[in-house]
Amino acid sequence: MDRQQEFVLRSIEERDIRFVRLWFTDVLGFLKSVAVAPAELEGAFAEGIGFDGSAIEGLARVHEADMLVRPDPSTYQVLPWRVSDDGQHGTARMFCDVLTPDGEPAHADPRFVLRRTLEKAAGMGFTFYTHPEVEFYLFKGDPVPGTEPVPVDSGGYFDHVPRGTAHDFRRAAITMLEAMGISVEFSHHEGGPGQNEIDLRYADALSTADNIMTFRTVIKEVALQEGVLASFMPKPLVEHPGSGMHTHLSLFEGDTNAFYEAGARYQLSRTGRQFIAGLLRHAPEITAVTNQFVNSYKRLWGGGEAPSYVCWGHNNRSALIRVPMYKPGKANSVRVEYRALDAAANPYLAYAVLLAAGLRGIEQGYDLPEGAEDDVWALTDAERRALGIAPLPASLDHAIAIMEESELVAETLGEGVFDFFLRNKRQEWADYRHQVTPYELRRYLPVL
């Protein structure tokens, strides 16, 4: 037994933890949980806990249903909302790796998909770091199905709303996140009414993905306590901005930022330029993963500063990829920001395909096209074509069709995840296409 496992077992005994929740995700990024008694934990570390994988979206077919979850002791944390007033009799959680009955990694486990891509980066000498800016809305109570929800306030970007629900909410959420070892860099009111943003500090991509899954759970738990509804839906309000998860990306070689080159344009190294070129070339084919729901495309094409076109720029917020302003004397601050990703993505799969696209650019020596310095939204279609700026997919259907032909995405996700994801998204599109929407009824019923 290693030291981390010993620490977990000792902490559980000292804190009188009564239940340990073992967390993992399905292919779509929905959190799954099984609770075990502390007495079962030593065996879980050694052999895993069995479950029916065929009951979880995309993990296994019926004839190969037996699966195991083995907890990762480095992710052990006590759940603050499940601790009694005296700080005892609590519940803890650990993220798990999903295994086959013979103890091998399950290729359909999203955490393994990301691990495998990180190992490829490590083989090239790189560590992949990410820093997400997570946006979400707060709504009053339980919205009436089929109607637009009511935001908790009418504030806008960076607004300070006196006695605002969002202030108390963000304070409670950040306190809970930090109690679980998740560091927060910034928080503020976002552009839409009731919309908020909380930025997590830089971490390696696997830790960030785990943190995002915890973040979503914490936000939902705090919302329940505060009597409001928190939503990560990409575009819940027609007339207001959608919720994205702009993510800053960087590669390090040991302690050295591989994206930094002193004296280069924007201090951006050849490796950094090739990484951006990879993201640009493969952006359309990875969009079904980074923006996986029908509603995601209402955000991308609904205004509100969401990126719609494949281009990059220095400090250009209309571009898909932004190279933020370099901070003199801070080589480690050179990074790239990918702006299409939304807050409802599966972070494990999304970070895997983003990393794979960037690495492909480095491996193949892609050339970086000229950056866009104009407001890309303000250009005409002809002007964008003349500049070589292509659109992102305009719908989930379009994104699926492009992803289906992608060797890069198939290789990164693996055959099982790739096939299941496509099947699931085709069904989602078919279900959506069959609906008669309120818009159609309002527009056509009175006149046709």
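Colleague: Why is W301 called partly exposed?

Modeller: W301 has a relative accessible area of 32%. Buried means under 20%, exposed over 50%, and partly exposed lies in between (1.4 Å probe, protein chains only), so W301 is partly exposed. This is a predicted model: local features need pLDDT of at least 70, side-chain atom pairs count only at pLDDT 80 or more, and totals for chains, interfaces and linings use all residues. Side-chain values use heavy atoms, without hydrogens and water, and residues are numbered from 1 along each chain as its sequence is written.

Colleague: What makes F7 and Y76 an edge-to-face pair?

Modeller: Their ring centres lie 6.4 Å apart and their planes meet at 85°. Rings of Phe, Tyr and Trp (its six-membered ring) pair within 6.5 Å, centre to centre; planes under 30 degrees apart are stacked, over 60 edge-to-face, the rest tilted. So F7 and Y76 pair edge-to-face. The two residues are 69 apart in the chain.

Colleague: Which of the two is buried?

Modeller: Y76, because its relative accessibility is 8%. F7, at 45%, is partly exposed.

Colleague: How do you know that W301 and Y309 are edge-to-face?

Modeller: Their centres are 5.4 Å apart and their planes stand at 80°, so the pair is edge-to-face. Y309 has 12% relative accessibility, so Y309 is buried.

Colleague: Why is N196 called buried?

Modeller: Its relative accessibility is 0%, so N196 is buried. Its side chain also reaches the backbone oxygen of G194 at 3.2 Å.

Colleague: What sits over the ring of Y366?

Modeller: The charged end of R281, 3.6 Å from the ring centre. The rule asks for NZ of Lys or CZ of Arg within 6 Å of the centre and within 35 degrees of the ring normal.

Note on methods: A polar contact is a pair of N or O atoms within 3.5 Å; within protein, one must be able to donate a hydrogen and the other to accept it, and residues adjacent in sequence count only if both atoms are side-chain atoms. Helices (H or I, at least four residues) and strands (E, at least two) are DSSP runs, numbered from the N terminus.
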